[in-house]
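Biologist: Got a minute to go through this one with me? I'd like to start with the strands and then jump around a bit.
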Amino acid sequence: MPKRKLDPLPSTAFQILLSLAGEDLHGYGIMRQVAEQTDGRMRLGPGTLYSSIQTLLEEKLIEEVDRREDARPGQERRRYYRLTSAGRKLARSEAERLADLLRPARAKKILRGDYV
Amino acid sequence: MSEKIYALLLRLFPSHFREAYGEEALLLFRDRARDERGFVGTVWLWLDLLTDLAFSVPAEYFRVQPALIGAPNLRRVNGMPLFFILEGQAPRFGALLLGCVFTLGAVGTISILLTQVGTYRTFRPWTFQPQHAGSAPSSAFNPSAAQRVGDAQRESRSPQGSANSAGSLNPEDSEPADSQSNGLLIEDGAESSRLQPQPSRAQNAVASTNRAMNRGATLDAAERHRVIVGAIVTLKEHYIFPDMARKMAGALLAHEKSGDDDAATDGRAFAALLTRQMREVNPDKHLELVYSQDPLPQRIGEPSAEGLARYREAMKEQNCTFEKVKVLPRNIGYLKLNSFPDPSVCRQIATAAMASLNHADAIIFDLRDNRGGEPEMVAVMAAYLFDHPEYWYNPRENTTQQSWTHSPVPGNKLADKPVYILTSARTFSGAEQFCYDLKMLKRATLIGETTGGGAHAGVFHRIDEHFGVGIPEVNPINPYSNTDWAETGVEPDIKVKAADALETAVKLAQSKLAKK
C-alpha cells in the first residue's frame with residue numbers, strides 16, 4: 001500500500017479537519033475557525049491553506065460543495081468544503097492518538113487542570 | 001493597491017495552483033484585508049502573507065501532480081493506451097522563445113565541449129611529458145587524432161622543408177604505427193625540442209593547422225618586419241653563440257632592406273625564407289623559424305598525473321612497444337622495438353626483454369618502425385652492448401657525466417656479440433641516435449634505408465600568435481663529426497629496402513656466426 005501523504009497528519013490538516021467538523025466553510029471561514037480554535041496561534045496564509053485543502057481533497061478527506069443557497073447575489077462565488085466520513089474518521093483517530101499521548105502525561109501529573 | 005500586489009505575488013505559485021486556487025486566495029486576501037484594518041492589522045496581515053508565501057511556494061513546486069501519480073495505473077483502458085495531456089493550451093510564445101534560447105545554449109555548449117575534448121585528447125600526449133620527442137605516447141593515446149595531424153603535416157609542410165623529414169612523411173607510409181607517430185613530427189626546429197616544454201607549442205601549432213587548413217594568411221611588410229624583429233630578439237636572447245646571433249640578425253635585416261622578403265606573403269613561405277637566410281650565415285640545422293596557421297598557445301600545461309597514468313596504461317597495453325622479442329634459428333636474438341619508452345615506466349620490461357636475449361650469439365634490433373622516444377631509454381638499451389662505459393652522444397644535451405653508458409650491465413653477455421640494426425626512412429629521432437652512435441662507435445651494422453633525420457636540439461620560442469623559432473640552446477660534444485644526422489638521416493652500412501632488411505641481417509649474422 002502506498003504511503004499516504006497525510007501520514008502522519010500535519011497539524012494544519014488536523015486543524016482544518018476540526019474546523020469543518022461543525023459546519024461547511026469556505027477558505028476564509030476555515031482560516032478564521034482555525035485561528036479561533038487555536039486561540040490565534042495558528043494563522044493560515046492562503047498558500048498554506050489552499051495547499052492543505054488540495055491535499056485533503058486529493059485524499060478525499062474533505063469535499064467541495066456547491067454554492068450555498070444563501071449566497072447573496074452579487075457576492076463572489078465561494079467554494080465551500082465539507083468533511084467526508086473518512087475525514088471525520090481520520091480526525092477522530094488523530095484526536096484519540098493525541099489523547100493517548102496525553103494520558104501518561106496526565107498520569108505523571110505534568111498536566112495541570114482538568115484537561116481531557 | 002495591496003490587492004494588486006498580492007495578485008502579482010500569487011504569480012509566484014505554479015500554474016496548476018493558480019488555476020485551482022488563485023481566485024480563492026485572492027478572495028481570502030480581500031476578506032482579511034477587509035477585516036484586519038489599521039496599521040498593526042495591515043502589518044500583521046502582510047507578515048502572515050509573506051511568511052506563508054515563503055513556505056508554500058516552494059512546497060507547491062515540489063508537489064507531484066495527481067495526474068502524474070496515477071498515470072502508470074491508467075495507461076490502458078480496454079486495451080487502448082491512454083495519454084495524459086498536462087496542458088490543454090498551446091505553450092505561450094514566451095515559453096517557446098525561452099525554449100529556443102535554452103536549446104541553442106545547450107547545443108552550443110555541447111559542441112564547444114566536443115571540440116575541447118577532442119583538442120584535449122590530441123594534445124594530451126605532448127603536454128603530459130613534454131620531453132617526449134618520440135612517438136610512443138601519442139600513438140598509444142589517440143592514433144586517429146595523431147593520424148589526422150600527420151596528414152595535416154603532410155599538407156602543411158613548407159615547400160622547402162628538409163628533404164629528409166619530408167621523406168619521413170612519405171605519404172605511402174600507411175602502417176598505423178608510423179602514421180600515428182607522424183603526429184609528433186613537426187617542422188624540424190619544432191619537433192626538436194626535447195627537454196623543454198616549449199616545443200609542444202609548436203607541436204600543438206602544427207596539430208592545429210589541421211583545423212585551420214583552409215584559412216589563408218597574407219603578410220604585409222609591417223607584419224614581416226614584426227616577425228623579423230621578434231626573431232632577432234629571440235635569437236639574441238637565446239642563441240648560444242651571441243656573435244652568431246648578431247650575424248644572423250644583420251642578415252635578416254639586410255635581406256628585408258634589399259626587398260628579398262617582399263614576395264613572401266604566405267606565412268609558411270616567409271618562415272622558410274627566414275630560416276634559409278639564417279642558415280646562410282650560420283649553417284645550424286637545428287635552427288628554424290616556424291609558422292603555424294593556428295594561434296600558438298601562450299603557454300602549455302604541466303604534465304598531469306592523469307596523463308602519466310594514461311601513458312602507463314598505454315605502455316602496459318603495448319608491452320612498452322617491445323613488439324617482438326624472440327630467438328631466431330642459429331641463436332640470433334631479435335628485438336622489434338617501436339619506440340624508446342620512458343624508463344621510469346618501462347625499465348622492467350626492457351630489462352626482461354634483454355635478459356631473454358642474453359644468451360643469443362648475435363642480436364638484431366629492428367627499429368624500422370621506431371619513431372624515437374626517451375634518450376634515457378636509448379642509453380639504457382645501448383648499455384647492454386658495451387662492457388665499459390662508452391661516451392654516448394646526445395645532440396640535445398650538453399656533455400656531462402651522464403653522457404656515458406652505464407656499462408657493463410650486471411650479468412649481461414651481449415657486450416661482445418655482433419649487433420645488427422634494421423632501419424627504414426621512418427626510423428626517427430631517438431631511434432636515429434641509437435643507430436648513429438652505435439654506427440660511429442662501430443658497434444653495430446646498420447641495414448636498411450637512410451633514417452628520417454630528426455636530431456632536433458632546438459627549444460621552441462614563441463614570437464607571436466603564428467610565428468616561433470626553434471633555437472638550439474646546448475652545445476654537446478660530437479666526437480665524430482661536426483654534423484650529426486639532423487635532416488640528412490643516418491646512412492645504413494648496407495643499403496637494402498626496409499622490407500628486405502631482416503632477411504639480409506639474418507643472412508649476415510648467420511654467415512658471421514658460421515665463420516666462428
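Biologist: How many bridges pair β8(B) with strand β11 of chain B, and is that parallel or antiparallel?
Modeller: Two bridges, in the parallel sense; β11(B) covers residues 494–495. Keep in mind that this is a predicted model. If you want a residue pair to look at, I447(B) has I494(B) as its bridge partner in β11(B).

Biologist: And what joins β7 of chain B to β8(B)?
Modeller: Four bridges, and those two strands also run parallel. Strand β7(B) is residues 419–423. Look at I421(B): its bridge partner in β8(B) is L446(B).

Biologist: Which helix does the chain go through from β7(B) to β8(B)?
Modeller: Helix α18 of chain B, residues 430–440. That makes a β-α-β crossover, and a right-handed one.

Biologist: Are the residues on the two faces of β8(B) buried or exposed?
Modeller: Buried, on both faces. In general, side chains in a regular strand alternate between the two faces of the sheet. Here T445(B) and I447(B) are on one side, with L446(B) and G448(B) on the other.

Biologist: Zooming out, what's the strand order in that sheet?
Modeller: The order is β4-β5-β6-β7-β8-β11 in chain B, an open sheet of six strands with mixed pairing. At the edges you find β4(B), residues 322–328, and β11(B), each pairing on one side only.

Biologist: How do β5 and β6 of chain B pair?
Modeller: In the parallel sense, over five bridges. Strand β5(B) is residues 332–337 and strand β6(B) is residues 362–366. I332(B) stands opposite A362(B) there.

Biologist: Which strands of that sheet does α18(B) touch?
Modeller: It packs on the sheet against β7 and β8 of chain B. The direction of α18(B) makes about 140 degrees with that of β7(B).

Biologist: What about α17(B), at what angle does that helix pack with α18(B)?
Modeller: About 35 degrees, with the axes 9 Å apart. α17(B) is residues 375–383, and the crossing with α18(B) is right-handed.

Biologist: Which residues meet there?
Modeller: From α17(B) you have P375(B), V378(B), M381(B) and A382(B). From α18(B) they meet G430(B), Q433(B), F434(B), D437(B) and L438(B). By class, that contact has six nonpolar, two polar and one charged residues.

Biologist: Switching to chain A. How many helices and strands are in it?
Modeller: Chain A has four helices and three strands. From the N terminus on, they run α-β-α-α-β-β-α. Chain A has 116 residues, and 29% of them count as buried.

Biologist: What order are the strands of chain A in?
Modeller: β1-β3-β2, as an open sheet with antiparallel pairing. The edge strands are β1(A), 25–26, and β2(A), 62–65. β2(A) pairs with β3(A), residues 80–83, over four bridges, and E63(A) stands opposite R82(A) in β3(A).

Biologist: Which helix packs on that sheet?
Modeller: Helix α1 of chain A, residues 11–22, which touches β1, β2 and β3 of chain A. Its direction makes about 90 degrees with that of β3(A).

Biologist: OK, now the interface. How many residues does each chain put into the contact?
Modeller: Chain B gives 20 residues and chain A gives 15. On the chain B side, α3(B) gives the most, with 10 residues. By class, the side of chain B that touches chain A has 13 nonpolar, two polar and five charged residues.

Biologist: How far apart are the axes of α3(A) and α3(B)?
Modeller: They are 7 Å apart, and the helices pack at an angle of about 35 degrees. α3(A) puts in P46(A), G47(A), T48(A) and S51(A). The α3(B) residues include L53(B), F55(B) and V57(B). That helix contact divides into five nonpolar, four polar and two charged residues.

Biologist: Last one. Why does K4(B) count as exposed?
Modeller: Because K4(B) has 8 C-beta neighbours inside 10 Å, and the cut-off for exposed is 12 or fewer. K4(B) lies in helix α1 of chain B, residues 2–10. The C-alpha atoms of K4(B) and L26(B) are 9.4 Å apart, and those residues are 22 apart along the chain.

Definitions and conventions
Residues numbered from 1 in each chain as written. Chains lettered and ligands numbered in written order. Predicted model: local features only at pLDDT ≥ 70, side-chain atom pairs only at ≥ 80, totals over all residues. Buried ≥ 20, exposed ≤ 12 C-beta atoms within 10 Å, placed from the backbone. Pairing = 2+ DSSP bridges. Right-handed = clockwise from strand over helix to strand, strands pointing away. Contact = placed C-beta atoms within 7 Å. Nonpolar A, V, L, I, M, F, W, Y, C, P; charged D, E, K, R; others polar. Axes fitted to C-alpha atoms, helices over the stretch in contact; angles between N-to-C directions. Left-handed = near helix turned anticlockwise from the far one by under 90°.
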